[in-house]
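User: Please take a close look at the empty spaces in this model. Start with the main pocket and say what lines it, then move on to what is enclosed.

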Amino acid sequence: MEIKKEIKSDLNKMIIVYEDEDIIIVNKPKNMLTHKTHLNENNTVVDLLKSKININQFNDLTRPGIFMRLDRNTTGLLIVAKNLKAYQYFCSLTEKKQIIKKYLAVIKNRLQENHLLIDCPLIRVANKSKMKVSQDPKAKEAITELWKLKDLNNAALVECLLKTGKMHQIRAHLSYIKHPIYNDSVYGCFDGVKNYEQFLHAYYLDFINLNGDHIIIKSNPDEIFENKIKELEN
């Protein structure tokens, strides 16, 4: 059976867009952590879903069911496992690259190419929660495929497909090719949109669940993201 859904993002709240006995898929808004960090915040995805997760099945109680994550200010679709069986299954899908994850991004500067494959290893910057392209033997493989969807005013709207899933991968890769994500103050610069940060949205998920159903979910960006595209078109 094929299950398809298309939803609209909400600026102010997390929305559950799909749920079965094994997983929950949420549409995460801005300024929300996936799970607790050293900042020890409470308004995380895990906190909001605790009543739905079989927490006692997991060893790490700070991130039960979390096998993928989104940065605090990256919006969009996120899968959370409700039990250990589902967690192990989706970790296996991730390792086999059998979960298709696509993102929308507004990037700085006109992009000449319609398609790019960015195959550049990433390593953490010392003492910082930031990644950079490096040929250091300790750098990890990182591959992002990119398609230009629309030219904008000294900018572009692009679709990014993750071939690997390293921390900040899309943000670091786009910065490296001199097309940082619009308003990304960590990998580019602040472009005047307060309390929003990077224009990066996880908009597409495609996978087979434990019941054998083919799940395809699309999430449209929030109002600020869509208005920025319209503004940069003019």
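Analyst: Start with three classes: Ala, Val, Leu, Ile, Met, Phe, Trp, Tyr, Cys and Pro are nonpolar, Asp, Glu, Lys and Arg are charged, and the others, Gly among them, are polar. The model is predicted: local features need pLDDT of at least 70 and side-chain atom pairs 80 or more, while totals for chains, interfaces and linings use all residues. Numbering runs from 1 along each chain as its sequence is written, and side-chain values use heavy atoms, without hydrogens or water.

Now the largest pocket (on a 1 Å grid over the protein atoms alone, an open set of points with protein on both sides within 12 Å along at least five of seven lines). Its volume, the space filled by probe spheres set on the joined points, is about 800 Å³. The lining (residues with an atom within 4 Å of a point) counts 29 residues. Nearest the centre of the pocket lie Lys101, Leu162, Thr164, Gly165 and Lys166.

By class, 13 residues of this lining are nonpolar, seven are polar and nine are charged. Which elements (DSSP runs, with helices H or I of at least four residues and strands E of at least two) supply at least two residues each? They are α2 (84-95), β5, β10 and α3 (169-176). Of these, α2 gives the most to the pocket lining, with four residues.

Next, the enclosed spaces. How many cavities (sets of points where a 1.4 Å probe fits but cannot get out) of 30 Å³ or more does the structure hold? It holds two.

The largest cavity has about 40 Å³ of space. Its lining is Ser9, Asp10, Leu11, Asn27, Lys28, Pro29, Lys30, Thr75 and Asp222. Two of these residues are nonpolar, three are polar and four are charged.

The second largest cavity has about 30 Å³. Met68, Leu77, Lys101, Lys102, Tyr103, Ala202, Tyr204 and Leu205 line this second cavity. Two elements give two or more residues to that lining: β5 and β11. Its lining divides into six nonpolar residues, no polar ones and two charged ones. Lys101 appears twice in this tour: in the lining of the second largest cavity, and among the residues nearest the centre of the largest pocket.

Now look at the packing of α4. Phe225, Lys228, Ile229 and Leu232 of helix α4 (223-233) are buried (under 20% relative accessible area; exposed is over 50%, partly exposed in between, 1.4 Å probe, protein chains only). Why are they on the same side of α4? They cover an arc (taken from the axis to the C-beta atoms) of only 100°. What covers these buried residues includes β5 (100-108), β9 (143-152), β10 (155-162) and β11 (200-208). So β5 both helps to cover α4 and helps to line the largest pocket.

Finish in the loops. Gln98 sits between α2 and β5. At 44% relative accessibility, Gln98 is partly exposed. It touches (heavy atoms within 4.5 Å) Leu93, Asp206 and Phe207, leaving aside residues up to four places away in sequence. From Gln98 to Lys82 is 16 residues in sequence and 19 Å in space, C-alpha to C-alpha.

Asn154 lies in the loop between β9 and β10. Asn154 is not a glycine, yet its phi is positive, about 55°. It is partly exposed, at 48%. Asn195, in the loop between α3 and β11, also has a positive phi of about 55°. Asn195 is exposed, with a relative accessible area of 80%.
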